[in-house]
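Open the model in a viewer with selection by residue number switched on. The stops below say what to select and what is there.

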Amino acid sequence: MEKHFHFSNAHKDLIARDAESVLGWRYAPGIIFESGRGSTITDVDGNEYLDFTSGMMCLPLGHSHEELTETLRQQAGRFVHENSWYSNPQIIAFAEALTATLPDGLDVVNFTVTGSEANEVAMRMALGASGKHDIVSVIRGLHGGSLAVEGLTSIGGARRRNLGPLLPPANAPAIHAPLCWRCPINLEYPACGTACLAASEELIDQTTSSEAAAIIAETMLVAGGMIVPPREWLPGLKDLAARHGAFLILDEAQLAPARTGRMWGFEHYGVVPDMVTFAKGMSAGLAICGVVTRRDIAEEARGRAGTPWAGTYSGDPLPAAVALKQLEIVERDDLSARAEKLGARLTAGLKRLCQSYEAIGDVRGQGLYSMIDVVADKKTKRPDAALAERIRYNAALEGLIFICVKNFMRFCPPLIIAEAEIDAALAALERAIKRALAGYPRDVDFRASSSLAAGAERRAGRAQ
Ligand SMILES: Cc1ncc(COP(=O)(O)O)c(C=O)c1O
């Protein structure tokens, strides 16, 4: 059913107070939400929206899941936080449950609070265990916003402006992304024979000290354009790392648990990394993240480069109890299979839109995580970030929330979403596309509405 929300004066007042006192990136329209249940979130006027962001990609079980709420309630009354130089049964059980989902060898967990910190601890371990210092990343990868991992992040845009000298030298060595739809070396898959890997090896030779400590990659590069590597790429990357005596670190912040249709995204490729980092979805929204590695790597690094790492909140019992419960439910309810099945429905719907609209250039993704690449036209593939922002704006007024960065619109609903909700979202999205193509909204300045849109718009006309 078609919706068009109008905000009350009380809602507008809250938006104005937010702008006055809280610093943060805000999408337009600004919306103040006050509750959530399942796949739906509700604003202060009582308007309901389908949450195709799962919060910040953190809620595979959706909002206010009853079993998680009960675990939270019980644990909150017992033990919330402790000195991180001691331990507790909840963190031990969570570490055991996590490593049980991983291949043999990935046996020890260093917990952190954020995904950025998890990747920084992985960097510390790689440096500590190898005695080397170059970390190679993949162009279009995103590994977080704290300074060391910002140096490994190359999705471009405003986020790196003015940081210059604060970015560590590790930002230099970066290799090609396996983005076949916009091949970085202008070849076609599969005839190319994944030539991007050979070209990448040359980049490593030329831009490192020939002593790379690690290669870090998102198993599927999400923010950089939902790049699902062709099946040979990850095994090839693992070989490349081995040839250089470098560890392979896979960043699964966006993917685990179960989102791609497997508990861990790398299971699609038959590759086992030396370290894997987890965050967002694995945390159940309570900020418990970390890195899992082999015991020999952890022991080799011990006492070097500040490892093992323990911050103030890492390993707290409250988030551990909830994240453990969530992992148990993900396994009990086989949400990997559900992600695969419902993902096929979502992808099919998005592909239908791709066939119908010139501006929907490509649909990429895996499992229940999809993205639309919005373009001026399919022939030039010229990114159209302004149109993507307008579609996102109209969709919000239709009761559908999703993330849009530059020309990439991402769809990441809770894994418990119902089929009917997916269909409703697709219908709302199509209405939003039609309104955006008709030029609505006419009077909204999007330049400040996302951290990256401004940069992308300025470059409009240049292929990304
Ligand atoms: C792949 C990936 N790694 C790491 C991070 C950083 O996580 P956090 O925001 O918890 O620091 C993000 C955040 O979006 C991410 O997408």
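Select helix 5, residues 115-130. All 16 of its 16 residues are buried, so helix 5 is largely enclosed by the rest of the structure. A residue is called buried if 20 or more other C-beta atoms lie within 10 Å of its own, exposed if 12 or fewer, and partly exposed in between, with C-beta atoms placed from the backbone. Helices (H or I, at least four residues) and strands (E, at least two) are DSSP runs, numbered from the N terminus. Residue numbers start from 1 along each chain as its sequence is written. The model is predicted: local features need pLDDT of at least 70, side-chain atom pairs count only at pLDDT 80 or more, and totals for chains, interfaces and linings use all residues.

From its first C-alpha to its last, helix 5 reaches 22 Å, close to the 22 Å expected at 1.5 Å a residue; the expected span is 1.5 Å times one less than the number of residues. Step to Gly-131, just after helix 5, where phi is positive at about 75°.

**Positive phi outside glycine**

Most residues other than glycine have a negative phi, and most peptide bonds are trans. Select Asn-162, in the loop between helix 6 (147-150) and strand 6. Its phi is near 70°, a positive value in a residue other than glycine. Is Asn-162 buried or exposed? Asn-162 is exposed, with 7 other C-beta atoms within 10 Å.

Now go to Met-226, in the loop between strand 7 (212-218) and helix 8. Phi of Met-226 is near 45°, again positive in a residue other than glycine. Met-226 is buried, with 24 other C-beta atoms within 10 Å.

**Two cis peptide bonds**

Select Tyr-189 and Pro-190, which are joined by a cis peptide bond with omega of about 5°. Pro-190 sits in the loop between strand 6 (174-175) and helix 7. Then select Tyr-440 and Pro-441, joined by a cis peptide bond with omega of about -5°. Pro-441 is in the loop between helix 13 (419-437) and helix 14 (453-458).

**Helix 7 against helix 8**

Two packed helices are described by the angle between their axes and the distance between the axes. Show helix 7 (residues 195-207) with helix 8 (residues 233-243): their axes come within 10 Å and cross at roughly 25°. Axes are lines fitted to C-alpha atoms, for helices over the stretch in contact, and angles run from 0 to 180 degrees between N-to-C directions. Helix 7 and helix 8 are therefore roughly parallel to each other. Angles under 35 degrees count as roughly parallel, over 145 as roughly antiparallel, 65 to 115 as roughly perpendicular and the rest as oblique.

The crossing of helix 7 and helix 8 is right-handed; that is, the near helix is turned clockwise from the far one by less than a right angle, whereas an anticlockwise turn would be left-handed. Leu-197, Ser-200 and Glu-201 of helix 7 make the contact with Trp-233, Gly-236, Leu-237 and Leu-240 of helix 8. Two residues are in contact if their C-beta atoms, placed from the backbone, lie within 7 Å.

Keep helix 8 selected. Its buried residues include Trp-233, Leu-234, Lys-238 and Ala-241, and what covers the buried residues of helix 8 includes helix 7, strand 7 and strand 8. Gly-245 follows helix 8 and has a positive phi, near 60°.

**Tyr-269**

Select Tyr-269, in the loop between strand 8 (247-251) and strand 9 (275-278). With 20 C-beta neighbours inside 10 Å, Tyr-269 counts as buried. Not counting residues up to four places away in sequence, Tyr-269 touches Arg-231, Leu-234 and Pro-235. Draw the C-alpha distance from Tyr-269 to Arg-231: 6.1 Å, for residues 38 apart along the chain.

**Gln-326**

Next is Gln-326, in helix 10 (residues 317-332). Gln-326 is buried, with 26 other C-beta atoms within 10 Å. Which residues does Gln-326 contact, leaving aside neighbours within four places in sequence? They are Leu-61, Leu-68 and Ala-284.

**Helix 12 against helix 13**

Finish with helix 12 (residues 385-397) and helix 13, which pack at an angle of about 130° with their axes 8 Å apart. Helix 12 and helix 13 are therefore oblique to each other. The crossing of helix 12 and helix 13 is right-handed. Residues of helix 12 that meet helix 13 include Leu-387, Arg-390 and Ile-391; on helix 13, the residues met include Ala-428, Leu-429 and Ala-432.
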